[in-house]
Amino acid sequence: MNSVVPHQQRVLSGMRPTGRLHLGHYHGVLKNWLKLQQEYECFFFVADWHALTTHYESPQIISESVWEMVIDWLAAGVDPQHATIFLQSRVPQHAELHVLLSMITPLSWLERVPTYKDQQLKLKDKDLSTYGFLGYPLLQAADILIYRAGMVPVGEDQVVHVELTREVARRFNHLYGREPDYEERAEAAIKKIGKKAGKIYRDARRAYVEQGDQEALEKARQLLENQQNISLGDKERLFGYLEGGGRIILPEPQPMLTPAAKMPGLDGQKMSKSYDNTISLRDDPQVIEKALRRMPTDPARVRRDDPGNPEKCPVWAFHQVYSQNETREWVMKGCRSAGIGCIECKQPVIDAVLLELKPVQERAVEFAKDPTLVRNIVMEGCQRARDIAEETMTTVREAIGLGYR
Ligand code: TRP
Ligand code: SF4
């Protein structure tokens with residue numbers, strides 16, 4: 001599978017298992033994954049080691065959440081036929097790459113990552129002055145680079161981690177991608193791709209190196225992606241040679257910014273476990289209905305005949321996610337004129353949320369009933385992930401000079 005799909009087309013993302021998934025995850029992350037799995041080769045994993053960096057004192061929540069989270073993914077529609085689902089800690093190669101990358105990563109790069117200090121301040125009740133927490137983004141870099149993923153769907157706050165990944169990859173390639181006889185090897189590799197492709201490659205390389213022609217660079221990259229007959233090592237060499245550098249052993253990924261989902265919480269703030277304003281994907285419909293009925297509204301509407309302003313009401317934020325124009329107009333008019341009551345106004349939201357979650361909950365029940373199936377899906381995913389990770393590690397060890405047996 002991995003040799004057919006070019007690695008630039010590979011998507012990788014992870015989620016930390018620290019509790020039940022809610023509508024914020026569904027609208028913010030999962031719906032995006034569902035779309036990506038149709039278009040790309042996708043790897044989605046449970047980042048249990050990352051969860052441990054903040055929950056090392058109370059790891060129970062991790063083991064409790066791992067399988068439930070996978071069930072939530074599957075119930076939401078993540079499809080093991082289209083995406084590889086796996087557990088980070090079952091692919092120990094991530095840890096090996098992490099330790100090797102730690103040798104070449106300056107401390108200052110990690111100290112200046114904004115999430116490092118931000119999270120320490122935000123999670124004051126936890127002691128995050130640990131080695132593991134400082135290394136959080138580097139472990140993430142290893143997660144990404146080990147699959148040579150081209151695209152990493154992340155939220156805004158995680159973009160800096162992908163940027164760090166790019167810097168680390170560049171440093172790695174710079175240090176270990178240069179072989180003494182590099183140019184001769186690259187030239188020999190060009191001969192292997194055939195006369196015609198070889199000429200296109202050389203022309204494009206010249207256009208890029210001499211004139212900075214980006215289009216030519218892109219064209220040559222495409223050409224290389226489609227080469228079936230040369231070894232991975234030669235491919236890396238030719239990618240690097242194209243840009244005038246050494247072998248590109250670890251390609252730089254691109255962050256793929258997940259469109260900021262404005263899934264509001266029950267109180268109008270962003271939906272988040274830490275605000276205790278969530279609707280979990282597997283909450284009982286009656287619980288969901290009750291929570292929505294209890295939701296605060298525009299404080300100016302004390303009595304039924306007080307007019308209100310939807311802009312000041314968290315229910316309106318739900319209408320923006322769930323309602324069609326017609327319903328929204330009905331809300332706008334009815335609220336401002338006190339023509340409708342708040343309970344009446346909430347009903348279409350309640351209906352829409354329950355309707356959206358119904359198939360998800362039905363699938364969740366099925367998966368929850370069959371732990372062996374869920375386990376098998378994940379174990380197969382882990383095996384596939386390990387195979388690819390090991391392939392990268394073989395190259396990485398050899399490049400550093402640790403390839404001895
Ligand atoms: N740090 C990510 C988060 O908190 C989770 C994560 C770990 C991740 N490794 C990753 C995301 C690799 C993308 C790619 O959301
Ligand atoms: Fe909010 Fe709707 Fe009530 Fe207006 S009518 S205050 S929008 S719940």
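**Two ligands and their surroundings**

Let's start at ligand 1, where one of its nitrogen atoms lies 2.7 Å from an N or O atom in the side chain of Y136. Keep in mind as you look around that this is a predicted model. Two glutamines join in: an N or O atom in the side chain of Q140 is 3.1 Å from a nitrogen atom of ligand 1, and for a polar side-chain atom of Q158 the distance to a ligand 1 nitrogen is 2.8 Å. On its own, ligand 1 has 370 Å² of accessible area, and the protein covers 87% of it.

Now widen the view to the whole shell. There are 13 residues around ligand 1, and those that come nearest are H50, Y136, Q140, D143 and Q158. At least two shell residues come from β1 (10–15), and at least two from α8 (136–145). The most generous contributor is α8, which gives 4 residues. By character, the shell around ligand 1 holds 6 nonpolar, 5 polar and 2 charged residues.

Next, move along to ligand 2, which you will find in the largest cavity. Its surroundings are made up of T297, D298, R301, P310, C313, V315, V331, C335, C342 and C345. Two helices, α16 (325–336) and α17 (342–369), each bring at least two residues to this shell. Here the division is 7 nonpolar, 1 polar and 2 charged residues.

Terms used:
Residues numbered from 1 in each chain as written. Chains lettered and ligands numbered in written order. Predicted model: local features only at pLDDT ≥ 70, side-chain atom pairs only at ≥ 80, totals over all residues. Heavy atoms only, no water. Near = heavy atom within 4 Å. 1 Å grid on protein atoms, 1.4 Å probe; cavity = no way out; pocket = protein on both sides within 12 Å on 5 of 7 lines; lining within 4 Å. Sits in = over half its atoms within 2 Å of the grid points. Nonpolar A, V, L, I, M, F, W, Y, C, P; charged D, E, K, R; others polar. Polar contact = N/O pair within 3.5 Å; in protein donor to acceptor, adjacent residues only side chain to side chain. Areas by Shrake-Rupley, 256 points an atom, 1.4 Å probe, with all protein chains shown as cover.
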